[in-house]
Amino acid sequence: MSIIILGIESSCDDTAAAVLKDGKILSNLVASQAVHKLYGGIVPEVASRAHQENIVPVVDLALKKAGVKKEELSAIAFTKGPGLIGSLIVGTSFSKALALGLGIPLVEVHHMQAHVLAHFAEEPKPSFPFLCLTVSGGHTQIVLVKSHFEMEVIGQTLDDAAGEAFDKSGKMMGLDYPAGPVIDKLAKEGRPRFDFPEPKIKGLDFSFSGLKTAILYFLRDQVKQNPGFVKDHLADICASIQERIVSILMNKLKKAARETGIQEIAIAGGVSANSGLRHALEEAGKQNGWNTYIPKLEFCTDNAAMIAVTGYYKFLKKDFAGQDVSPVARMGF
Ligand code: KG4
Ligand code: ZN
């Protein structure tokens, strides 16, 4: 009999649902919440209300697109954490109720583990052990992936996440939230001619707060001399910021590959959608003889396919959650 998993993701500002049949994605939908643009960042209370409005139609459409009736589902996989608690509660409560109503198992999923396992939603799949640079709006980690569920974080940010470095720099320039994709687009038209410092952090850890301050002071000083500086040089500023963020990430990833001797190298998370990072990984792969794994764009930013895939592997192990499960905002591996 086929194993059909419904995945539900609601950890931040995207309400997502996906259907997976025997390890293959049949549908993968996301309702993004444009409302946060008005505030220049995510407002948690607004996010949970939007999840409440979106979750039923998104799940309904994901099932319809997949051509699957809810009675055919084998299990429901949902994001337990980490994330915004109000957002997580919506997805968790919905999943619990639907699983109870249908009399099928519930599978809890760790959001960051799911970003890594997004690589198993498509071919070619990385082989174990592999390194995954997981870069999102809340996390920046180098993960040593020994098996589907044995993951060790061998490097992480000491302060801001890579996505935050993009978003906060964008805010300083008056760009819309989230600024990562906007900077990526503008950077394509510019040259990286402004030099921002690369922090000297020991080991495999990262830091982005120094870069943030350097950008702030640079913009302040330039705007003093020319109030139109940001507008006049926007593409070049974006190219410079992106180049530095990518070099910080890639230098640590190369170090991790050298130190572990691992040549299977993946990227994941929202920032892995960045064209500069994707290109840099390809180039480093060619130079170092790595096998590189770059997810399709729909599997980079928050999505439910990765939740369904992770749920599938847990389902095979019969690793089910009880009806007493609660979401967890801060959740280690
Ligand atoms: O994984 P994700 O969708 O949500 C979290 O779990 O945080 O990541 C969102 C982050 C945001 O900071 C956003 O600006 C960034 O990913 N992002 C990008 C790009 N697309 C999304 N950053 C740089 N370039 C992009 N193309
Ligand atoms: Zn995420």
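Helix α7 bends by about 60 degrees at Ala235, where the bend at a residue is the angle between axes fitted to the seven residues ending there and the seven starting there. Helices (H or I, at least four residues) and strands (E, at least two) are DSSP runs, numbered from the N terminus. With 32 residues (229–260) at 1.5 Å a residue, α7 should span 46 Å, and its end C-alpha atoms are 44 Å apart, which agrees; the expected span is taken as 1.5 Å times one less than the number of residues. After α7 comes Gly261, whose phi is positive, near 75 degrees.

This is a predicted model, in which local features need pLDDT of at least 70 and side-chain atom pairs count only at pLDDT 80 or more, while totals for chains, interfaces and linings use all residues. Residues are numbered from 1 along each chain as its sequence is written, chains are lettered from A and ligands numbered from 1 in the order in which they are written, and side-chain values use heavy atoms, with hydrogens and water left out.

The chain is divided into domain 1 (4–117 + 300–316) and domain 2 (125–294), with bounds that come from an automatic or database domain assignment. Their C-alpha centres lie 27 Å apart, and the contact between them (heavy atoms within 4.5 Å) takes 15 residues from domain 1 and 21 residues from domain 2.

The zinc ion (ligand 2) has as its protein donors His111 (NE2), His115 (NE2) and Asp302 (OD), lying 2.0 to 2.1 Å from it. Donors here are N, O and S atoms within 2.8 Å of the metal (3.2 Å for Na, K and Ca), and since water is not among the atoms, sites may look incomplete. The donor residues are spaced H-x3-H-x186-D in sequence, and the pair of His111, in helix α3 (residues 111–117), and Asp302, in the loop between β10 (291–293) and α9 (305–316), links distant parts of the chain, 191 residues apart. The four donor atoms around the zinc ion subtend angles of 94 to 148 degrees, which makes the arrangement irregular: four donors count as tetrahedral if all angles lie between 85 and 135 degrees, four count as square planar and six as octahedral if opposite donors are over 155 degrees apart and all others between 65 and 115, and anything else is irregular.

His111 is buried at 5% relative accessible area, and Asp302, at 16%, also counts as buried; buried means under 20%, exposed over 50%, and partly exposed in between (1.4 Å probe, protein chains only). Gln113, which lies in helix α3, is likewise buried, at 10%, and touches Phe149, Met151 and Phe333, not counting residues up to four places away in sequence.

Elsewhere, Val19 in strand β2 (residues 14–21) is buried with a relative accessible area of 0%, and its contacts beyond four places in sequence include Ile4, Leu6, Ile25, Leu63 and Val68.

Most residues other than glycine have a negative phi, and most peptide bonds are trans. Asp22, in the loop between β2 and β3 (24–32), has a positive phi of about 45 degrees although it is not a glycine, and is partly exposed at 39%. Lys318, in the segment after α9, has a positive phi near 55 degrees and is exposed at 64%. The peptide bond from Glu123 to Pro124 is cis, with omega near -5 degrees, and a cis bond also joins Phe128 and Pro129, with omega about -5 degrees.
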